[in-house]
Each structure stands twice: as C-alpha cells, then as structure tokens.
Amino acid sequence: MKQIKILWVDDEIELLKPHLLFLRSKNYLVETANNGNEAIEFVKKGKFDIILLDENMPGMSGIETLNEIKKLNVSIPVVMITKSEEEYIMDEAIGSKISDYLIKPVNPKQILLSIKKIIDQKRLIIEKTTSDYQSEFQKIGIEINDSFTHKDWIDVYKKLVYWELELERNEGNAMEEVLKLQKSEANKAFSKFIKKNYVSWFSPKNEDKPLLSHNIFKQKIIPLLDKNEQVVVIVIDNFRYDQWKYIQDEISKYFNIYEEEIFYSILPTVTQYARNSLFAGLMPSEIEKLFPELWLNDEDEGGKNLHEEELLKKQLSRFGKKDNFYFDKITNLKAGKRLIDNAAALSNHNLSVIIINFIDMLSHARTDMEMIKQLASNDAAYRSITLSWFIHSTLFELLKQLSQKKVKVVITTDHGTIKVKNPTKIVGDKNTNTNLRYKQGKNLSYNPKEVFEILNPAQAYLPSTHLSSSYTFALNDNFFAYPNNFNYYANYYRDTFQHGGVSLEEMLIPFIVLSNK
C-alpha cells in the first residue's frame, strides 16, 4: 500500500512534535515547513497527498499560501487549521476550496480523522460498498428466484439499479462484473415471468395486474386534476429508471419528490404502441377499432405518432375534462427554446403535456454514429450523457421555472431501452417490420424457446393486419437478425441500445410526481 505523504505548515511546528510522532506511528510520511514561502518551495519540488496549513502565520498568511499552492496544484487537498473562529475567515478558506477546516487546539486523533476522511475515504467507501453488496448478493439471488408477482419484480429491479449506481460511483469496483451477471440472470427470469403472465393481465377476471401504460392518465393524472391541481406532464421518450435516479439529485434541489413509482410498459415497448396507448388511455387494438383514422399499423406508410394530441383530447373528454390543455413536442433545440419563451402559457392551463425526444434520438444516433457509440459505450456512459444533457437542457430550465409555481410536475416515459448483445435468427416476408426487438407479421419463422410469441394478438389487445398475424418479442439482451447477411447485421447492431422487446430496462419504467418546495 502506498505511503501517504503529508506536508504540515505551521510557524510553531516545534510545539507539534507529539502530533508528528503520532502520524508517523500510523505510517504517514510527514514533512514540515515553518512558513508559507517554505511550503511553496516544498510543493514546487515534491508531490504531497495532503497539506495541513496554519491560517495565522507571520509573513505570508495561510490564506495567501493556500492561493499560491492552488496555483501550483489545484487538486491537492488542503486542511486549514486556525485559532480564529471568525466566520469571514472560514468563508474565505472554503471559497478557496479547502478540503477541511479545524479549530485549534487540535488533538492527534482529530488530524487523523481529517486525513482519513480526505485520503482514505474513497478506499473505505469502496470496501464498505463491496462488503454491503456481497452480503446482499445472496438475498437478491433468492428474490430473483422467488419473484412470482409483478410487484416482486419491481422490488428486484429497484435493488439492482441501486447497487448498479452504488458500485459505479466507486470506479474499478470488482463487484461490478458480479452485478452484471446477476442482472443478466434477473432478466432471464423476468422474461420467463412475462411469457407466463403478460397475456393474463388483460383478462377481465384478473384483478392482480400491474399499472400499465394505458391506465396512467386514468389512475394517476386524472385524480390530480380532480383535486384542482395544476399539472404539467413531461414525457421523456426512452427514459429508463436508472436514468431517472441519475438526474434525481439535480431535480431535488428544486422540488420535493411527491411520488415515485415504477409501472409496466405495454408490449411492444416502442413509441408507436406504448406512447399512443399512454395518451389514448386505450390498448393499441382499441385505438385502431375506435379511431381508425388516428392509428397506423406497422405496414402503413407515414408517422406513427402524429395524433397523440387528438388521442389525449379524446381520453380527457371521456373523463369529463373538456378544458383546453397545452400540448407540445420538443424534438430539437429551437423547439426547446420556444418552449422556454412560452413557459408562461403553461399557467393558463390546468394540464400541460410536453414530450421530450432527446434520449430517443440519442439511442438511435448511437446505433448510426461511431462517435456517439464511443461516448455511450456502456450503460454507465449512457447514464452520464443523459445527466450531462439534462443539466444543460431547456427541460431543466423549464423545471427551474416551474419550481417557483404551485404546480405538480409529472415526469414519466413510454418505454425504456436495453443494450443488445446476442443476435437471434428470424425469417419473415417483405412486409415484416424492421424493429430489432419485436416482429409483427405472418408466417414468421424462429426458435420459440428464444422468444416471447403472441400468436393471437387479440388476447394482448394488439392489432392484426392479417388473419395469420402474430407478434414475436426478443428476450433479455437478444436482438433479431435475418439469415441473409447475418454476420454483418449481427456485428453492426451488437452493443447498440434498442427497444421493443422484453427486459427489465424496457418494461419497468418511472412515474415521478414533483411538488414545489
């Protein structure tokens, strides 16, 4: 283990011999300086892991010395030690980016604690996090095997995401690979659960069913409006639960988390089906039957989500909500700036609905652009890019403005996405859709053990374009590839983020309600 090197700067260093002996007995290498100039020379010549700096010294003061040290090495941790309890000195020291602040007289154990807090904190956190996950590993494994209900799987997924983010914060943690394997096992078990239970959720006799896309407005938004709440609903396309947890800290600076829930996206987990269902309050086959002019099937030409505002209007009308609502779809920076400029207009409506398409565009760009592939090379990088976008986005600007108003803000999505790895062969005719995670068509040929098949679409309230139409969904991190040019397409799409199929990441998605502080 590397020996920690400390520089202690104090004009009365001779009086600190007991402290120096104590630190050296703990295997720290300690150099001493009597004044600021001497300290600066030490920093120029050698590398120190931490500096203990007296604030009140003759000649160059501690604050002046600190500023010069930071010019030489901005990242070196400095602990300021002072006799003064004057607040302005504390403010000045903290403003100069010190790592800790101690008031004299200090005892050796105080110094040791400060050093450990600064130098050993990362190592100690890694060790503690690793130990905690190791003790949880077996419990989570048991829960994965014993998860028989939709609620069980939400609990499992929350725990997996929690540990994924905890281990990720400690770079190089050996348990990250173990967690990846456990998450993969969880997805395999979840796929079996969906294959066994999904269609049964649409039986009128089944009362044990999860909250699904088409019931979000009915069960979550309408009750808020009935309480005369002003509600702003923000639908971030392709937004995963782990991405929500990544941006939560930034949002919590401005809002209280009034409600946090996970619900299930319907299948296919794509915008055409899941988001139309969300806004219509109906399953896809019901939309096709009741409003054929507002629904396009996979084979039909044209945009599949051009009528969301009309679908939402019809749903609200069914609940007696006939007031005008605000609706906007943000697909580029210009539209985002327009939204900020018109933000005051939201106050004129009881309900405002805004669709944000950035993450979906990022997902597709990552498939097609090599630079984006490198920037979002894995789930951690994908989350990081989401956070970076969010901090600098017009969405965050809008949220800051809304935090000053008496309004409930809902953040949700239509579906998530998963990084795919394993190609699965499938054969279909020329009219079969091109999505990599689900196929809809007639005479599809595949290995039934590798997919979730819905041979009777009506059972899952899915439209049929032919009498022999069926739906087939990729499981876990698989993706579909045709036998023709199989190796080319397998290599091209491997490690890209896709959606449409069955996985924890695609189907278990966030529903968040924020209230102003």
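A salt bridge here means a side-chain nitrogen of Lys or Arg within 4 Å of a carboxyl oxygen of Asp or Glu. Searching the whole structure turns up 32 salt bridges. Keep in mind that this is a predicted model, where local features need pLDDT of at least 70, side-chain atom pairs count only at pLDDT 80 or more, and totals for chains, interfaces and linings use all residues. Residues are numbered from 1 along each chain as its sequence is written, and side-chain values use heavy atoms, with hydrogens and water left out.

Here are three of the pairs.

| Pair | Closest N to O |
|---|---|
| Aspartate 226 and lysine 321 | 2.5 Å |
| Arginine 240 and aspartate 242 | 2.8 Å |
| Arginine 437 and glutamate 506 | 2.4 Å |

Take aspartate 226 and lysine 321: aspartate 226 sits in helix α8 (residues 216-226) and lysine 321 in the loop between α12 (308-318) and β8 (326-330), so the pair ties together parts 95 residues apart in sequence. Helices (H or I, at least four residues) and strands (E, at least two) are DSSP runs, numbered from the N terminus.

How buried or exposed are these residues? Buried means under 20% relative accessible area, exposed over 50%, and partly exposed in between (1.4 Å probe, protein chains only). Lysine 321 is partly exposed at 23%. Arginine 240 is buried at 1%, and aspartate 242 is buried at 0%. Arginine 437 is buried at 0%, and glutamate 506 is also buried at 0%.

Arg240 and Asp242 also belong to a network of salt bridges, whose members include Glu164, Lys183 and Glu505.
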